[in-house]
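Reader: I would like to learn how to read a model like this one, feature by feature. Could you take me through it, starting with a single residue and working outwards?

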Amino acid sequence: MVTQADKARQFLSLHRQGEPLLLPNPWDLGSARLLASLGFQALATTSSGFAASLGRMDGSVNRDEALVHAAVIVAATDLPVSADLENAFADAPAGVAETIQLAVQVGLAGCSVEDFTGREDDPIYGVAAAAERVAAAAEVAHAGQVPLVLTARAENFLHGRPDLWDTIARLQAYQEAGADVLYAPGLVEIEDIRLVVREVDRPVNVLALAGAPAVAELAGAGVSRVSVGGSFAFAALGGLVSAATELRDRGTYGYLAASAVGRDAVGNAFG
């Protein structure tokens, strides 16, 4: 039987520079099982995709809801699962540590903690405070028998602060604080990504965005992981909107071709 600790070690071992782990983000039990059936090696939750499944915007899910959701995804497959825990639902390092302890208890192999405060008037924690928060998370993540893989996120580029050198300095501080993986969502220029990889000594995750380099180019830049955030969830919702709009406005059934693909995939995954 594969233990939680085995999954955590396996998850970390999948982060190989130049051979990026493709980490899709399911938003419910069914999408997790479907993605597992397609041969992916690990999964990660998405805060925005999960919030959308509840009829809410990103940032509206509380800690208990996020942890229950993470437990559902963990139980869906035998794959390692990492959780998007936003800012760990706490400002103070002690609160961050408590969230990471709870993350261990729900069976996760990894989790991420970001430096976004959740406050639009002051969106990013100061670097010293942010590093303290990462250090508190790392102490818990690495203390027990389950070596939880901790991803530290620098959120500058998602919140109106496209300062590459500040982002790099933050990632370096988070590395020193004990993060296992580093992540600056919002980077799309290959030269910026190459510079980040060169300036840090931990695996680097890149978010798949419009305009971002293809996986092969990211591999050449030394990236170790590529994740999709909420985009798979929103692609599914986009398909729903397209099908419903066709039926409402045209009264035709062209969407049935795509639905047949989904039905076959469900049969293969769940049958």
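Author: Gladly! Let us begin with E155: leaving out residues up to four places away in sequence, E155 touches E114, D115, F116, I124 and P185. Please keep in mind that this is a predicted model.

Reader: Where is E155 found?

Author: E155 sits in the loop between β5 (149-153) and α7 (164-176).

Reader: Is E155 buried or exposed?

Author: The cut-off for buried is a relative accessible area under 20%. E155 has 2%, so this residue counts as buried.

Reader: With which residue does E155 form a salt bridge?

Author: The partner is R153, and the closest N and O atoms are 2.8 Å apart. R153 has a relative accessible area of 10%, so R153 is buried as well.

Reader: How many salt bridges does a search of the whole structure find?

Author: The search finds twelve. Let me pick two others and read them in the same manner. E19 pairs with R16, with 3.5 Å between the closest N and O atoms. Partly exposed covers the range between buried, under 20%, and exposed, over 50%. E19, at 48%, is therefore partly exposed, and R16, at 36%, is partly exposed too.

Reader: And the other one?

Author: That is R161 with D166, where the closest N and O atoms are 3.6 Å apart. R161 has a relative accessible area of 31% and is partly exposed, and D166 is partly exposed at 23%. Salt bridges with shared partners link D115, R161, D166 and R170 into one network. D115 also appeared among the residues that E155 touches.

Reader: Let us turn to helices. What general idea should I carry into reading one?

Author: An α-helix has 3.6 residues a turn, so residues three or four places apart point the same way. Now take helix α5 (residues 93-105) as the case here: its 13 residues reach 19 Å from the first C-alpha to the last, close to the 18 Å expected at 1.5 Å a residue.

Reader: Which residues of α5 are buried?

Author: They are G95, V96, A97, T99, I100, A103 and V104. Try reading that list with the turn of a helix in mind.

Reader: What covers the buried residues of α5?

Author: The cover includes α1 (4-13), α4 (63-76), β4 (110-114) and α6. Just past the helix, look at the backbone too: α5 is followed by G107, whose phi is positive, near 95°.

Reader: Which residues have a positive phi although they are not glycines?

Author: Two to look at are E86, with a phi of about 50°, and A88, with a phi of about 70°. E86 lies in the loop between β3 (81-84) and α5, and A88 has its place in the loop between β3 and α5. E86 has a relative accessible area of 12% and is buried, while A88, at 0%, counts as buried too.

Reader: Now the interior. Which members of the largest nonpolar core touch the most other members?

Author: This core has 68 residues, and those touching the most other members are I100, L108, L148, L150, L171, Y174 and I193. Helix α6 (residues 127-141) supplies the largest share of the core, eight residues. You have already met I100 as one of the buried residues of α5.

Reader: What is L171 in contact with, leaving aside its neighbours within four places in sequence?

Author: L171 is in contact with A152, A154, L182, Y183, A184, V196 and V200.

Reader: Finally, how should I read the protein as a whole?

Author: Start with the inventory: the secondary structure comes to eleven helices and eight strands. Next, the overall form: a compact globule of 271 residues would have a radius of gyration near 18 Å, and the protein's 19 Å agrees with that. Along the principal axes, the C-alpha atoms fill a box of roughly 60 × 40 × 35 Å.

Reader: What share of the residues counts as buried?

Author: The share is 49% of the 271 residues. As for the surface, the protein exposes about 12400 Å², and carbon and sulfur atoms supply 56% of that area. To see how the chain meets itself, take contacts between residues at least 6 apart in sequence: 65% of them join residues at least 24 apart.

Note on methods. Residues numbered from 1 in each chain as written. Predicted model: local features only at pLDDT ≥ 70, side-chain atom pairs only at ≥ 80, totals over all residues. Heavy atoms only, no water. Core = buried A, V, L, I, M, F, W, Y, C linked by side-chain atoms within 4.5 Å. Buried < 20%, exposed > 50% of the residue type's maximum accessible area, 1.4 Å probe, protein only. Helix = DSSP H or I, 4+ residues; strand = E, 2+ residues; numbered from the N terminus. Contact = heavy atoms within 4.5 Å. Salt bridge = Lys/Arg side-chain N within 4 Å of Asp/Glu carboxyl O. Rg over C-alpha atoms; globule rule 2.2 N^0.38 Å. Areas by Shrake-Rupley, 256 points an atom, 1.4 Å probe, with all protein chains shown as cover. Expected span 1.5 Å × (residues − 1).
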